[in-house]
Amino acid sequence: MILGGAALQRCGNRVLNAAVILLALLFSAYTFADSGADIYKTKCSACHGKNGAGDSMLGKNLKLRPLASDEVQKHSDDELFTIISKGKNRMPPFDRKLSRDQIRDLVKYIRSLKK
């Protein structure tokens, strides 16, 4: 069956409108759901503790330094990015679990923990 030009245009507009709405929802969900704090809470807090103090059971066993400490904060953003991406000691790599932007958001969040 061959659609007339007007019918084809209406279908095309519906598809385009649906695509625009879908993209808007995806980007707004990313903005609200994947802030550095949210990512930290889901991916990092089990070891590093709720506030980055390393005071979780795992953090204590691993003798993790508080993320607000001078020892951690002295690292450059690039060094923190690499540690999160590639892992360090017993910390697993997150480069396949998080996007580059999410890792950058985590670095910003770690910077916010400095007292």
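The side chains of Arg 65 and Glu 71 form a salt bridge, with an N to O distance of 2.6 Å. Both partners are partly exposed: Arg 65 has a relative accessibility of 46%, and Glu 71 has a relative accessible area of 43%. The structure is a predicted model, and its salt bridges number four by the rule applied.

**Salt bridges**

Three of these contacts are described here, including the pair already introduced. Arg 111 pairs with Asp 77, their closest N and O atoms lying 2.8 Å apart. Because Arg 111 belongs to helix α7 and Asp 77 to helix α6, this contact ties together parts that are 34 residues apart in sequence. Arg 111 is partly exposed at 25% relative accessibility, and Asp 77 is likewise partly exposed, at 43%.

Within helix α7, the side chains of Asp 101 and Arg 104 meet in a salt bridge at 2.8 Å, N to O. These two residues are three positions apart in the helix, so about one helical turn separates them. Asp 101 is partly exposed, with a relative accessible area of 44%; Arg 104 is also partly exposed, with 36%.

| Salt bridge | N to O distance |
|---|---|
| Arg 65 and Glu 71 | 2.6 Å |
| Arg 111 and Asp 77 | 2.8 Å |
| Asp 101 and Arg 104 | 2.8 Å |

**Cysteines**

The disulfide count is zero. For Cys 44, the closest cysteine sulfur is that of Cys 47, at 8.7 Å, and this separation is too far for a bond because a disulfide requires sulfur atoms within 2.5 Å. Cys 47 accordingly takes part in no disulfide, its nearest cysteine sulfur being that of Cys 44. In accessibility, Cys 44 is buried, with a relative accessible area of 14%, whereas Cys 47 is partly exposed at 27%.

**The largest pocket**

The largest pocket encloses about 700 Å³ of space. Its lining consists of 25 residues, and those nearest the centre are His 48, Leu 64, Ile 83, Lys 88 and Met 91. By residue class, the lining comprises 16 nonpolar, three polar and six charged residues.

Several helices contribute to this lining. At least two residues each come from α2 (36-43), α3 (45-48), α5 (70-73), α6 (77-86) and α7 (100-112). Helices α6 and α7, both among these contributors, also hold the two partners of the salt bridge between Asp 77 and Arg 111.

Definitions and conventions:
Residues numbered from 1 in each chain as written. Predicted model: local features only at pLDDT ≥ 70, side-chain atom pairs only at ≥ 80, totals over all residues. Heavy atoms only, no water. 1 Å grid on protein atoms, 1.4 Å probe; cavity = no way out; pocket = protein on both sides within 12 Å on 5 of 7 lines; lining within 4 Å. Points joined across faces, edges and corners; volume = space filled by probe spheres on them. Helix = DSSP H or I, 4+ residues; strand = E, 2+ residues; numbered from the N terminus. Nonpolar A, V, L, I, M, F, W, Y, C, P; charged D, E, K, R; others polar. Buried < 20%, exposed > 50% of the residue type's maximum accessible area, 1.4 Å probe, protein only.
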